Amino acid sequence: DMEKAIGLYQKSLTIKDDVSVRIRLHQILRKTKGVANSFAPLEEWINNNPNDIRASGILAMGYQEAGEAQKAAALYELVLKAQPQNILALNNLGWLKFFDLNKKSEGIAHARKASELSPEQPAVMDTLGWLLLNNGDLKEGTAPIKKAVTRMPNDPNIRYHLAYSLYLAGKKSQCRTELNSILKDSQDFSSRKEAEELLKKLGGQ
């Protein structure tokens, strides 16, 4: 019972404060109450322990998921001050700066650094490629996305990014085939609406 678990974790924290318990409570609240209602345990901890990089990174991801771009970016910056080569923070901050904070060149720079540090990680390849595509760099953006798809062929969001690159390249038939395949294989993914809209634009079904 999740409600009982929440109560037990909260009671545990009144006896002894512990970041691992707070992280677990944040995760359970996120699952049961939604991400926007899961922040308090980690916010309280970070207010008193501002140098806790792990907790800051986890809370930053929560803020990012909830659309709190400024708060997420501030925490990722904090993580990078302590760990300049933190791949996750570089990758996610790159995405936020490009799409949410109107700092496109900074976003691409963060994504490039993440890619240099972790050139074989599909999520990192995909972020760099997607940022470059959205910045008008078709050729340079397509290459890392293609590479990401070979590493994670079942990830519908990365496959959508590949389909979009095909669309930009004028390869509409290949794009339509890819979109149909993605939408058939995957019911629920964050880019589904965009994939459906692009297929509609192509006149496909």
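# Reading a helical model, feature by feature

Mentor: N102 sits in the loop between α6 (87-99) and α7. The model is predicted, and this residue is a useful place to begin reading it.

Trainee: What is the phi of N102?

Mentor: The general expectation comes first. Most residues other than glycine have a negative phi. In this structure N102 has a positive phi of about 55°, although it is not a glycine.

Trainee: Is N102 buried or exposed?

Mentor: A residue counts as exposed when its relative accessible area is over 50%. N102 has 68%, so it is exposed.

Trainee: Let us turn to the whole chain. How many helices and strands are there in the protein chain?

Mentor: The protein chain has 12 helices and 0 strands. Its pattern along the sequence is α-α-α-α-α-α-α-α-α-α-α-α. The C-alpha trace spans about 60 × 40 × 30 Å along its principal axes.

Trainee: What percentage of the residues of the protein chain count as buried?

Mentor: Of its 205 residues, 46% count as buried. A second way to read a fold is to ask how far apart in sequence the contacting residues are. Among contacts between residues at least 6 apart in sequence, 41% join residues at least 24 apart.

Trainee: I should like to read a pair of helices. At what angle do the axes of α4 and α5 cross?

Mentor: One reads the distance and the angle together. The axes of α4 and helix α5 (residues 69-82) come within 8 Å and cross at roughly 155°. Angles over 145 degrees count as roughly antiparallel, and α4 and α5 are therefore roughly antiparallel to each other. The crossing of α4 past α5 is left-handed.

Trainee: Which residues make the contact of α4 with α5?

Mentor: From α4 the contact uses I53, S56, G57, L59, A60, M61, Y63 and Q64, and from α5 it uses K71, A72, L75, Y76, L78, V79 and A82. By character, these residues divide into 11 nonpolar, 3 polar and 1 charged.

Trainee: S56 appears in that list. Is S56 buried or exposed?

Mentor: S56, which belongs to helix α4, is buried, with a relative accessible area of 0%. Not counting residues up to four places away in sequence, S56 touches I46, P50, L75, L78 and V79.

Trainee: How do the axes of α2 and α4 cross?

Mentor: Helix α2 (residues 19-33) and helix α4 (residues 53-65) have axes that come within 11 Å and cross at roughly 15°. That makes α2 roughly parallel to α4. The crossing of α2 past α4 is left-handed.

Trainee: Which residues of α2 and α4 meet?

Mentor: V19, S20, I23, H26 and R30 of α2 meet R54, A55, I58 and E65 of α4. The residues of this contact divide into 4 nonpolar, 2 polar and 3 charged.

Trainee: H110 is a residue that I would like to place. Where is H110 found?

Mentor: H110 is found in helix α7 (residues 104-117). Buried means under 20% relative accessible area, and at 16% H110 therefore counts as buried. Leaving aside neighbours within four places in sequence, H110 is in contact with L80, L90, L93, G94 and K97.

Trainee: The last feature is the aromatic rings. How many aromatic pairs does the structure hold?

Mentor: The structure holds 7 aromatic pairs. Each pair is read by the distance between ring centres and the angle between ring planes. Y160 and Y164 form a tilted pair, at 6.3 Å centre to centre with 40° between the planes.

Trainee: Where do Y160 and Y164 lie?

Mentor: Both lie in helix α10 (residues 156-168), 4 residues apart, about one turn of the helix. Y160 counts as buried at 6% relative accessibility, whereas Y164 counts as partly exposed at 22%. Y164 also forms a tilted aromatic pair with Y167, at 6.1 Å centre to centre with 35° between the planes. Y164 and Y167 both lie in helix α10, 3 residues apart, about one turn of the helix.

Trainee: Which residues do ring pairs link into a cluster?

Mentor: Ring pairs link W130, Y160, Y164 and Y167 into a cluster.

Note on methods: Residues numbered from 1 in each chain as written. Predicted model: local features only at pLDDT ≥ 70, side-chain atom pairs only at ≥ 80, totals over all residues. Heavy atoms only, no water. Axes fitted to C-alpha atoms, helices over the stretch in contact; angles between N-to-C directions. Helix = DSSP H or I, 4+ residues; strand = E, 2+ residues; numbered from the N terminus. Parallel < 35°, antiparallel > 145°, perpendicular 65-115°, else oblique. Left-handed = near helix turned anticlockwise from the far one by under 90°. Contact = heavy atoms within 4.5 Å. Nonpolar A, V, L, I, M, F, W, Y, C, P; charged D, E, K, R; others polar. Buried < 20%, exposed > 50% of the residue type's maximum accessible area, 1.4 Å probe, protein only. Phe/Tyr/Trp six-rings, centres within 6.5 Å; stacked < 30°, edge-to-face > 60°.
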